Amino acid sequence: MSLNKLLLLVLAASVLAPCAAGAQAPARPRIGLVLGGGGARGTAHIGVLEVLDQLRVPVDCVAGTSMGALVSGAYASGLTPQQMLARLGTVDWRDLFDDNPSQTETNYRERRLSETYYPGLEFGVTDHGLRMAHGVVGGQKIKLFFNTLVGSERGERKIENLALPLSILATDIGTGNKVVLRDGQLSEAMRASMSVPALLSPVPYRGLKLVDGGLVDNLPIDEVKLRCNAEVVIAVDVGSPLSRPEDVDSIAAVTGQMINVLAEQNSVISRATIGPRDVYIKPGLEGITAADFVKFREGAASGRAAALAVADKLRRYSVTEQQYAAWTHKLRSALPPLPRVDEIRIAPLRHVNPENVAKHIEISPGQQLDTQVLERDLLRIYGDGDFESVDYLMQVAPGRNTLLINPVEKSWGPDYLRFGVSVEAGDKQNDFQVRGAYHRKWVNGYGGEWLSGAQLGERSNLFTEFYQPLDPRQRFFIEPAGALSRERLRVYQDDQRIAEYILRQKRAFLSAGMNFGVFGQARLGWLYRKLDTSIETGAPTLPTGKVTLRGWNAVLDLDQTDRVFFPSRGWFASANYFKNPGMGYSRLGVDLRAIHTWDPYVVNARYYYFRRLEGKLPLGDAGALGGFFTLSGYARNQILAGDIRFLSVRGEKIIGRMPLGLSGDLRAGVSLEFGRARERFTETHLEGWQQAASLYLGGDTPLGPLYLGYGHAKGGHHSIYLFLGLP
């Protein structure tokens, strides 16, 4: 090539080069996505993400607070908006905010304890005084849901290892400072950011206790500018509007309003930083509150509509199909298959024996991890009542996968004060009971428990018992117990109260037994009872004086109902046999129940049998009929007898639910009851089968079951009933 031609080529290249550069698309600006907090209103974020996906708008980093932390964590871990909606569609939100497992998966002793004492009034006796749980909801099921949402069961998901830079905002409850989580376990950070004070327990994190990030930064715009030097911010604001003063009329409303005030104040500051290139999206979420998680589809639709309304602004940041495909491929790489478990380890514990935890774990080394089985096992561990939370970590390493079970013992245990109250009012009798107990768990390595307490009211008592398992897995146990009691017996004849007796009792019992996992237990023991019956008012128509009973007592209790009160499904079977060889006296009691539901209807059937088998029946050992659901229309225990058959069927319709964080529902029901009593001490003129029915409203409340009902029995017997509290 000649020198002249070479000079011409160089000159042409120098002239054309600026034109070629000008023809190239300008460099894409760095985009930061901000997903604000707002509880269930944050489901609108999913709709916004759908539109971003539709318009091919990639982002370079994302920051989220509260519900925004959940959605941003799921997004950064690779879930598509459609996958998020599908996952949310499988969630029972009421169950998710109820830490307690189904009663069918709960420790038998804990079930019986919750029949007498409020779980929510469990005061820990510590070196620093009395302590309680840190929130209404511990967040046990919520954390397990987060684990599966982001794929933690396939290996530890850490924020710093995600394809998309992620920041999650939380608040240090100790100092009020903002805490930005840019590394560590993803699901733990999501759980911390959603810890609404007083509702959800704080999350311990590196020496801090973290709660909802919305208290300090509900719309973290500054964070994406720091995290990825964002030149453009897409901010989605789903904060709750403030309630009217007249609507702030309860403790819950005051707490919610306070949180909303703090969130709005810091959101105002964040919104002031929005520039002309930024895109601010405020979905219209009228009619959706922070607790309306069941309206997640409506929330997503609102977010979709709000994003489409600013589609022209968003399109400015669209990229080509090839560029977007490359971005999504990096973000949404396929998760590995569920790992094989080579080893199972339990984190160190202070009081609880690890073998008592291990007995609930059915997954064995060599098996592929089954998430449903694992979560059921963890809920059974939680159901033992010893832990604030029970989590897991799947540590995947070359050649060896370790499943780490991490139970966190209650910081306010293992010594507790427990309380219970029962109120009964009606047109025939009133009754009030208040009770308290000291409960010391894990007295020794096998899980010995000492429970002592007292009850004041119409049925007063003073008791102590010591439960001692004989092996680390608590399959076998012995239990000595002693009690003093005083009870008022009202004697009826022809529906008229004719006398009142006082029954005093001294009781000592030593039993040995076997636990059948979560199904129940059987026990056999020697029972000593000294009964002293005396008349207080009225005609002395019944035997008085002292009777001493000594003999063998066998008890079988099996319980697979799903809740202590107002169950919706399951069955219950109990049998109690006592034989006093010296007196030639024995008796047998059997109680069978079955519950089934056709939502929203529940049917409850019961059969009760009591019979003196031989010898003379003491008054204080008689069976009883009468009272709400046991021949409604009669007073409680109005019919005392030595031979009883009873059958009832109840039909209920669920007409309301408790708010999120509180278990239970409201029911309207009707009962049909049939009973026969022979060898009667009272109401001696009642021959044959008696029929009764009742109409009632009932609900499971924080103070225990509540009933308001009317009962009517054959022969014109009727009564009005009001019950509140624990029986």
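The paragraphs below go through a helix pair, a capped helix and a loop glycine. This is a predicted model, in which local features need pLDDT of at least 70 and side-chain atom pairs count only at pLDDT 80 or more, while totals for chains, interfaces and linings use all residues. Residues are numbered from 1 along each chain as its sequence is written, and side-chain values use heavy atoms, with hydrogens and water left out.

Two packed helices are described by the angle between their axes and the distance between the axes. For helix H2 (residues 44-54) and helix H4 (residues 81-89), the axes come within 9 Å and cross at roughly 155 degrees. H2 and H4 are therefore roughly antiparallel, a term for angles over 145 degrees. From H2, Ile 46, Leu 49 and Glu 50 meet Pro 81, Gln 82, Met 84, Leu 85 and Leu 88 of H4, contact meaning heavy atoms within 4.5 Å. By class, this contact of H2 with H4 has six nonpolar, one polar and one charged residues.

Helix H6 spans residues 108-116. At its N-terminal end, Asn 107 acts as a cap, with a side-chain oxygen 2.8 Å from the backbone nitrogen of Arg 109. Arg 109 is also among the buried residues of H6, as are Tyr 108, Glu 110, Arg 111, Leu 113 and Ser 114; buried means under 20% relative accessible area (1.4 Å probe, protein chains only).

Gly 135 sits in the loop between strand E4 (129-131) and helix H7 (140-150). Gly 135 is buried, at a relative accessible area of 17%. Leaving aside residues up to four places away in sequence, Gly 135 touches Ala 198, Leu 199, Leu 200 and Ser 201. The C-alpha atoms of Gly 135 and Pro 202 are separated by 7.7 Å, although the two residues are 67 apart along the chain.

Conventions: Helices (H or I, at least four residues) and strands (E, at least two) are DSSP runs, numbered from the N terminus. Buried means under 20% relative accessible area, exposed over 50%, partly exposed in between (1.4 Å probe, protein chains only). A polar contact is a pair of N or O atoms within 3.5 Å; within protein, one must be able to donate a hydrogen and the other to accept it, and residues adjacent in sequence count only if both atoms are side-chain atoms. Axes are lines fitted to C-alpha atoms, for helices over the stretch in contact, and angles run from 0 to 180 degrees between N-to-C directions. Angles under 35 degrees count as roughly parallel, over 145 as roughly antiparallel, 65 to 115 as roughly perpendicular and the rest as oblique. Ala, Val, Leu, Ile, Met, Phe, Trp, Tyr, Cys and Pro count as nonpolar, Asp, Glu, Lys and Arg as charged, and the others, Gly among them, as polar.
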